[in-house]
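I opened this notebook to record, entry by entry, what I looked up in one structure. The sequence and the coordinates come before my notes.

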Amino acid sequence: MDEVKSNKDYNPEMHSAEHILNQTMVRMFNRGRSFSNHIEKKKSKCDYHFDRNLTESEVESINKKVNEVIKQDLSVTEEYFHREEAIANFKLSQLPEDAGDTIRIIKIGDYDACPCSGVHVSSTKEIGKFQIISTSYEKSVLRVRFKLVKE
Ligand SMILES: [Zn+2]
């Protein structure tokens, strides 16, 4: 994940929004976090293993939920765990292959916890307003494109 940090377009707000979007997708559809993504300042995209495109009302629900979480102004904190402890406590299915014995878990209040080595905002209000631009579906992959609007 170090390559993320060296990307000049890397944006902590966008990346933190990605965490919240992923947790929202997990809670709504129980199909796991995005397996691939491209995060940039102007717009980002996340890909999910899925079986169809989203409906308009689902897109609305996701926008609403992500923005509710942002508005709660949750603290974004880091904690370190031993590998086994992290796997047991956070139902981790996909640890980065290069992860060592100590795993850094990023928590967004009580809403999300996930292993990550990236740079994040310190509280969710810094993210701004989340908005899905479009979604598409092809070959079992749902792509969600989104942007952030400063209020
Ligand atoms: Zn992260």
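The entries below concern a metal site, two helices, several polar contacts and some backbone angles.

**Entry 1: Ground rules**

I note that this is a predicted model, in which local features need pLDDT of at least 70, side-chain atom pairs count only at pLDDT 80 or more, and totals for chains, interfaces and linings use all residues. Residues are numbered from 1 along each chain as its sequence is written, and side-chain values use heavy atoms, with hydrogens and water left out.

**Entry 2: The zinc ion**

I asked which protein atoms are the donors of the zinc ion. They are H15 (NE2), H19 (NE2), C116 (SG) and H120 (NE2), at 1.9 to 2.2 Å from the ion. Donors are N, O and S atoms within 2.8 Å of the metal (3.2 Å for Na, K and Ca); water is not among the atoms, so sites may look incomplete.

I then looked up the geometry. The arrangement is tetrahedral because the four donor atoms subtend angles of 101 to 122° around the zinc ion. Four donors count as tetrahedral if all angles lie between 85 and 135 degrees. For reference, the ideal angle for four tetrahedral donors is 109.5 degrees.

Along the chain, the donors of the zinc ion follow the spacing H-x3-H-x96-C-x3-H. The pair H19 and H120 links distant parts of the chain, 101 residues apart: H19 is in helix α2, and H120 is in the loop between β5 (112–115) and β6. Helices (H or I, at least four residues) and strands (E, at least two) are DSSP runs, numbered from the N terminus.

I also checked whether these two residues are buried or exposed. H19 counts as buried because its relative accessibility is 2%, and H120 counts as buried at 15%. Buried means under 20% relative accessible area, exposed over 50%, and partly exposed in between (1.4 Å probe, protein chains only).

**Entry 3: Helix α2 and N22**

I recorded that α2 has 18 residues and reaches 26 Å from its first C-alpha to its last, close to the 26 Å expected at 1.5 Å a residue. The expected span of a helix is 1.5 Å times one less than its number of residues. Helix α2 is mostly covered, with 13 of its 18 residues buried.

One residue of α2 that I looked up is N22. It is buried, with a relative accessible area of 4%. Leaving aside residues up to four places away in sequence, N22 touches R33, S34 and Y48; contact means heavy atoms within 4.5 Å. A polar atom of the N22 side chain lies 3.0 Å from the backbone nitrogen of S34.

**Entry 4: R33 and T135**

I found R33 in the loop between α2 and β1. At 19% relative accessibility, R33 counts as buried. Its side chain makes a polar contact of 2.9 Å with the side chain of D112. A polar contact is a pair of N or O atoms within 3.5 Å; within protein, one must be able to donate a hydrogen and the other to accept it, and residues adjacent in sequence count only if both atoms are side-chain atoms.

T135 lies in strand β6 and is buried, at 18% relative accessibility. The side chains of T135 and N53 are joined by a polar contact of 2.7 Å. Among the residues that T135 touches, not counting those up to four places away in sequence, are L54, V59 and L142.

**Entry 5: Helix α3**

I asked which residues of α3 are buried. They are E58, V59, I62, N63, V66, N67, V69 and I70. These residues lie on the same side of α3 because they cover an arc of only 165° around the axis; the arc is that of the directions from the helix axis to the C-beta atoms. They pack against α2 and β6. On the other side of α3, E60, K64 and K71 are exposed.

**Entry 6: Positive phi angles**

Most residues other than glycine have a negative phi. I therefore listed exceptions, N30 being one, with a positive phi of about 55°. N30 lies just after α2 and counts as exposed, at 65% relative accessibility. S140 has a positive phi near 65° in the loop between β6 (129–138) and β7 (141–149); at 42% relative accessibility, S140 counts as partly exposed. Just after α3, D73 takes a positive phi of about 50°.

Conventions:
Four donors count as tetrahedral if all angles lie between 85 and 135 degrees; four count as square planar and six as octahedral if opposite donors are over 155 degrees apart and all others between 65 and 115; anything else is irregular.
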